[in-house]
Amino acid sequence: MATITLQIPDELALRLDTLKDELPQILMLGLREVEANPSSGFSGLTKILEFIASLPSPQEILALRLSDDLQAEIDTLLEKNRTEGLTPIEQRVWQEYEFVEHLVRIAKAQALLKLSEAA
């Protein structure tokens, strides 16, 4: 394991002091966000949330599907969870996927209600 020394503002140091055991996980999650590039391909869950925030039509919500890349990442996490278990970082990522899936299900249920009311 490598050691890195950083100079950070005192206020940040105080905030991080209570989380020092979780710093590697925090950095990995932060790095993941930095590396996500919304302008190319599917940028994780951000695109789904941006889509829902755009207030799409009920038909558009019902047609929403995962990209092949995101589906592959989810499948990889599922397989790893079955075989060897997830790291704490992977567990957090999985929880994010579950939360967004929950939001999408609610959106799709609402879309179905709107379409049935309109019929």
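# Salt bridges, core and surface of a predicted model

Visitor: About how many helical turns separate Arg82 and Glu79?
Guide: The structure here is a predicted model. Arg82 and Glu79 are three residues apart in helix α5, so their separation is about one helical turn.

Visitor: How far apart are the closest N and O atoms of Arg82 and Glu79?
Guide: Side chains of opposite charge can pair when their charged atoms come close. For a salt bridge, the nitrogen and the carboxyl oxygen must lie within 4 Å. Arg82 and Glu79 form such a bridge, and their closest N and O atoms are separated by 3.5 Å.

Visitor: Is Arg82 buried or exposed?
Guide: Its partner Glu79 is partly exposed, at 39% relative accessible area. A residue is exposed when that value is over 50%. Arg82 has 60% relative accessibility, so Arg82 is exposed.

Visitor: With which side chain does Lys80 meet in a salt bridge?
Guide: Lys80 is partly exposed, because its relative accessibility is 21%. The N to O distance in its salt bridge is 2.8 Å, and the partner is Glu90.

Visitor: In which helix is Glu90, the residue that pairs with Lys80?
Guide: The Lys80 and Glu90 side chains form a salt bridge. This pair links distant parts of the chain, 10 residues apart: Lys80 is in helix α5, and Glu90 is in helix α6.

Visitor: How far apart are the closest N and O atoms of Arg105 and Glu101?
Guide: Both residues lie in helix α6, four residues apart, which is about one turn of the helix. Arg105 is exposed, at 57% relative accessibility, while Glu101 is partly exposed, at 41%. They form a salt bridge in which the closest N and O atoms are separated by 2.8 Å.

Visitor: How many salt bridges does a search of the whole structure find?
Guide: Among them are Arg82 with Glu79, Lys80 with Glu90, and Arg105 with Glu101. For the whole structure, the number of salt bridges found is five.

Visitor: How far is Lys108 from the nearest side chain of opposite charge?
Guide: Lys108 is in helix α6, which covers residues 88-118. Leaving out residues up to four places away in sequence, Lys108 touches Ile61, Leu62, Leu64 and Arg65. A salt bridge needs a distance within 4 Å. Lys108 is buried and has no salt bridge, and the nearest side chain of opposite charge, Glu101, is at 9.5 Å.

Visitor: Which helix gives the most to the largest nonpolar core?
Guide: In soluble globular proteins, nonpolar side chains tend to be buried together. The largest nonpolar core here has 14 residues, and Leu45, Ile48, Leu70, Leu77, Trp94 and Tyr97 have the most contacts inside it. Helices α5 (68-83) and α6 each supply at least two residues of this core. With six residues, the helix that gives the most is α6.

Visitor: Which residues does Leu45 touch, not counting those up to four places away in sequence?
Guide: Leu45 is one of the residues with the most contacts inside the largest nonpolar core. Beyond its sequence neighbours, Leu45 touches Leu70, Glu96, Tyr97 and Val100.

Visitor: What is the approximate area of the nonpolar surface patch that includes Ile8?
Guide: Ile8 is in the segment before α1 (10-17). At 34% relative accessibility, Ile8 is partly exposed. Together with Ile4, Leu6 and Leu12, Ile8 makes a nonpolar patch of about 400 Å².

Visitor: What is the approximate phi of Leu55?
Guide: Leu55 is in the loop between α3 (46-53) and α4 (58-62). The residue is exposed, at 72% relative accessibility. Most residues other than glycine have a negative phi. Leu55 has a positive value, near 55°.

Visitor: What distance separates the C-alpha atoms of Pro88 and Gln25?
Guide: Pro88 is in helix α6 and is partly exposed, at 48% relative accessible area. Pro88 and Gln25 are 63 residues apart along the chain, and their C-alpha atoms are separated by 7.4 Å.

Visitor: How far apart in space are Leu115 and Ser57, C-alpha to C-alpha?
Guide: Leu115 is in helix α6 and is partly exposed, at 29% relative accessible area. Apart from neighbours within four places in sequence, Leu115 contacts Pro58, Gln59 and Leu62. Leu115 and Ser57 are 58 residues apart in sequence, and their C-alpha separation in space is 9.8 Å.

Key:
Residues are numbered from 1 along each chain as its sequence is written. This is a predicted model: local features need pLDDT of at least 70, side-chain atom pairs count only at pLDDT 80 or more; totals for chains, interfaces and linings use all residues. Side-chain values use heavy atoms; hydrogens and water are left out. Buried means under 20% relative accessible area, exposed over 50%, partly exposed in between (1.4 Å probe, protein chains only). Lys and Arg count as positive and Asp and Glu as negative; His and the chain ends are not counted. Contact means heavy atoms within 4.5 Å. Patches are made of residues with over 30% relative accessible area and no salt bridge: like charges are joined within 9 Å, nonpolar side chains (Val, Leu, Ile, Met, Phe, Trp, Tyr) within 5 Å. Accessible areas come from the Shrake-Rupley method with a 1.4 Å probe; for residues, only the protein chains shown count as cover. A nonpolar core is a set of buried Ala, Val, Leu, Ile, Met, Phe, Trp, Tyr and Cys residues joined through side-chain atoms within 4.5 Å.
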